[in-house]
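This report walks through a few local features, strand by strand and ring by ring. Keep the structure open alongside.

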Amino acid sequence: MLREAQGQRSRCSAPARGAGRGAVPMATRVRPWRLGPAGSAGAEKLATGGAASAEGPGRPGPLQDETLGVASVPSRWRDAQGFRGETKSCQTASVATADAASQARKRADAEVQTEAPGPGVLPAPRHDSARLAAFLRRVEATVVRELNRNWRSHAFDGFSVNWTEPQCTVTCLHTLGYPPAQGQGLHVTSVSWNTTGSVVACAYGRLDDGDWSTLKSFVCAWNLDRRGLSPRQPSAVVEVPSAVMCLAFHPTQPSHVAGGLYSGEVLVWDLSRPEDPLLWCTGLTDDTHTDPVYQVVWLPEPRHSHHFRVLSVATDGKVLLWQGVGAGQLQLTEGFALVVQQLPRNTKLKKPPRGETEVGTTAVAFSSFDPSLFVLGTEGGFPLKCSLAAEEAALTRMPSSVPLRAPAQFTFSPHGGPVYSVSCSPFHRNLFLSAGTDGHVHLYSMLQAQPLTSLRLSPKYLFAVRWSPVRPLVFAAASGEGDVQLFDLQKSSQKPTVSIKQTQDGSPVYCLEFNRQQTQLLAAGDAQGTVKVWQLSSEFTEQGPRETEDLEQLAEEVAT
Amino acid sequence: MPGPALSRVHGLFLSLVPSLEVEETLERLQSQKGVQGIMVANTEGIPIKSTMDDPTTARYAKLTCNLKARSTVHTSDPQNDFTFLRIRSKKNEIMVAPDKDYFLIVIQNPTESATLWAPSVIT
């Protein structure tokens with residue numbers, strides 16, 4: 001429209017020469033358009049401007065282009081926006097501020113540390129010996145009479161009371177698994193309960209790898225007391241660069257767990273710190289094992305019984321004791337090495353192949369009665385009785401920062417294959433069990449080399465055997481056929497009392513552990529990567545009368 | 001065995017040294033058949049003398065604090081009084097002989113005539 005207006009203007013300028021005001025009607029005549037009041041004034045101005053320039057410099061030709069100003073046509077349909085405005089302002093009242101400073105001049109620092117509970121000390125009260133003597137004189141006769149009568153009494157023969165509802169069957173309480181590990185085809189190599197009995201941890205790895213493997217694996221823990229326990233989602237997961245072969249929870253710290261790797265390292269994790277769980281590690285030094293670590297055990301320190309050390313057992317023939325020192329390093333404090341030449345000769349063993357002098361150890365169990373006595377299971381199939389206090393130096397060329405000693409004191413007669421698990425009885429100081437690849441469980445007494453009894457549990461390998469912590473005559477064994485067998489020597493010494501089928505396809509069960517706090521629970525891990533927590537019937541958790549005596553009888557009668 | 005006159009003198013001597021008599025009585029009781037342990041505690045449950053180790057002693061000492069036997073017997077028949085308590089448990093038998101100031105607790109392990117376990121055959 002603007003261009004049109006300009007065009008109009010240029011055509012109109014010629015006849016509009018000399019005409020001032022006349023140009024307006026001229027312009028409007030040619031193309032009438034509606035002009036607002038301001039618009040007509042603007043058009044007039046423009047017209048006069050054009051006319052003036054037309055008259056300015058001489059007389060232009062009849063048709064000449066001139067450039068006029070821009071014609072502006074204000075919009076009709078958009079009204080000029082009037083606005084009504086008001087100005088208001090507000091101001092907050094001034095804020096009163098005051099500055100004050102205070103400084104504590106005296107400070108006191110105090111630390112509180114709970115210590116592990118020591119043995120309770122009973123107060124010794126003062127007493128009057130004369131009155132005590134008089135009292136004893138009065139009651140002695142009665143008591144002696146009752147004691148004799150009781151000794152001869154048959155009143156309670158065979159009498160027993162049931163205090164709890166007897167539970168007849170063994171049920172699977174939980175089936176726990178970690179899908180990423182199961183997806184990689186990892187096996188559960190070890191399970192462990194923590195000191196409070198509420199957390200079960202399992203280690204993933206592979207037990208059938210012959211080669212060096214760079215398999216990443218996991219340590220997973222489930223808190224069974226937590227509401228909303230999700231069986232596929234552990235409450236703590238630790239990723240480990242190498243396969244974990246064994247696991248052991250700390251005896252007093254509920255969240256510390258030690259593990260031994262396929263690479264020979266020993267690590268300690270704190271599961272309560274999800275962002276950085278690694279507490280201590282041995283690293284790969286000259287001292288570390290050169291073969292997979294098959295078992296780790298926590299041991300109390302001899303002088304400070306609430307500090308603990310880690311003992312690791314591997315097939316390179318070394319048994320090493322580690323201590324956690326600052327900066328996350330596990331340092332070797334003591335070490336033992338087993339060489340064939342130094343084994344006690346009380347049992348005739350097969351001659352080892354030439355060149356091999358180390359005795360590979362695969363399992364360890366400490367006696368509950370003598371803290372320095374332990375039993376080692378070996379690849380040669382013979383258990384060894386060893387002592388932490390042994391002094392003789394080991395004839396080995398393996399490098400080590402501490403002198404290695406030879407711990408073996410007694411050799412027991414061998415199994416038909418490597419021993420994968422040993423367990424010392426918590427109720428009898430001399431009895432221990434060993435299970436090996438020949439499918440047999442041997443019950444040994446520390447006093448003689450031949451086993452007291454040998455039970456054939458399975459045609460396949462046996463991977464783990466454990467005594468029950470509450471019943472002196474009960475033990476459990478994990479077999480390569482996929483079942484967990486519970487033996488009650490009181491009922492039958494030939495066949496298992498209960499055989500629990502853990503895996504459906506017969507893949508082996510590699511590890512099992514009883515829960516010492518909740519004694520009806522038994523955890524077992526298998527080759528499919530699942531950990532099943534079994535609830536045992538009450539007959540496995542309640543001690544019958546006189547079981548300890550029966551165990552003693554067992555130890556003595558069969559030996560003769 | 002000393003004759004009656006000599007034992008009377010012996011007893012007289014011991015009554016002059018009461019602590020020796022206490023020890024001797026406890027030894028005699030301990031040597032009875034099947035006795036596992038003996039303890040003397042006062043009415044508050046604090047053990048005074050014991051032949052067992054500390055944790056076991058502490059466990060049995062709590063027995064006397066909670067003993068309601070006297071009140072049970074006495075309230076049911078005021079003429080009656082509590083003289084002796086025998087508790088038979090799965091593992092052993094606990095005997096309590098009371099007094100105004102002290103309790104004597106004896107733990108005995110009585111035999112059972114039948115043995116429950118038969119030897120296995122070595123396969």
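Start with a cross-strand pair: A:Val191 stands opposite A:Cys202, which belongs to E3(A). This is a predicted model.

**Strand E3 and its partners**

Strand E2 (residues 187–193) of chain A runs antiparallel to E3(A), and six bridges join the two. Five residues lie between these strands in the hairpin. There, A:Gly197 takes a positive phi near 80°. E3(A) also pairs with strand E4 (residues 217–223) of chain A, in the antiparallel sense and over five bridges. On that side A:Cys202 stands opposite A:Cys220 in E4(A).

Is E3(A) mostly covered or mostly uncovered? It is mostly covered: seven of the seven residues in strand E3 (residues 199–205) of chain A are buried. In a regular strand, side chains alternate between the two faces of the sheet. Here A:Val199, A:Ala201, A:Ala203 and A:Gly205 point one way from E3(A). A:Val200, A:Cys202 and A:Tyr204 point the other way. Both sets are buried.

**Nonpolar cores**

In soluble globular proteins, nonpolar side chains tend to be buried together. The largest nonpolar core in this model has 22 residues. A:Val266, A:Val268, A:Val296, A:Trp298 and A:Val310 have the most contacts inside it. Among the elements giving two or more residues to this core are strands E8 (266–270), E10 (293–300) and E11 (308–314) of chain A. Strands E6 (244–249), E12 (318–325) and E13 (329–337) of chain A do so too.

Take A:Val310. Beyond four places in sequence, its contacts include A:Val266, A:Val268, A:Val296 and A:Trp298. A:Ala258, A:Leu320 and A:Trp322 are also among the contacts of A:Val310.

A second, separate core has 21 residues. Its members include A:Phe135, A:Val139, A:Val144 and B:Leu104.

**Aromatic pairs**

The count over all chains comes to 14 aromatic pairs. Two of them are set out here.

| Pair | Centre to centre | Angle between planes | Class |
|---|---|---|---|
| A:Phe135 and B:Tyr102 | 5.5 Å | 35° | tilted |
| A:Phe475 and A:Phe487 | 5.2 Å | 0° | stacked |

A:Phe135 lies in helix H4 (residues 129–152) of chain A, and B:Tyr102 in strand E5 (residues 102–108) of chain B, so this pair joins two chains. A:Phe135 is buried, at a relative accessible area of 0%. B:Tyr102 is buried as well, at 6% relative accessible area.

The stacked pair links distant parts of chain A, with its rings 12 residues apart in sequence. A:Phe475 sits in strand E24 (residues 474–479) and A:Phe487 in strand E25 (residues 483–488). Both A:Phe475 and A:Phe487 are buried.

Elsewhere, A:Phe410, A:Phe412, A:Phe432 and A:Tyr444 form one aromatic cluster.

**A buried glutamine**

Where is A:Gln342 placed? A:Gln342 is in the loop between E13 and strand E14 (361–366) of chain A. Its relative accessible area is 14%; the cut-off for buried is under 20%, so A:Gln342 counts as buried. The side chain of A:Gln342 makes a polar contact with the side chain of A:Glu392 at 3.2 Å. A polar atom of the A:Gln342 side chain also lies 3.1 Å from the backbone nitrogen of A:Leu395. Other residues in contact with A:Gln342 include A:Ala393, A:Ala394 and A:Ala406.

**Confidence**

The model scores ipTM 0.73 and pTM 0.64. Chain B averages a pLDDT of 76, and 76% of the residues score at least 70. Over residues 113–123 of chain B, pLDDT stays under 50. For that stretch the model has 21 contacts beyond four places in sequence.

Key. Residues numbered from 1 in each chain as written. Chains lettered and ligands numbered in written order. Heavy atoms only, no water. Core = buried A, V, L, I, M, F, W, Y, C linked by side-chain atoms within 4.5 Å. Buried < 20%, exposed > 50% of the residue type's maximum accessible area, 1.4 Å probe, protein only. Helix = DSSP H or I, 4+ residues; strand = E, 2+ residues; numbered from the N terminus. Contact = heavy atoms within 4.5 Å. Phe/Tyr/Trp six-rings, centres within 6.5 Å; stacked < 30°, edge-to-face > 60°. Polar contact = N/O pair within 3.5 Å; in protein donor to acceptor, adjacent residues only side chain to side chain. pLDDT = per-residue confidence, 0-100. Pairing = 2+ DSSP bridges.
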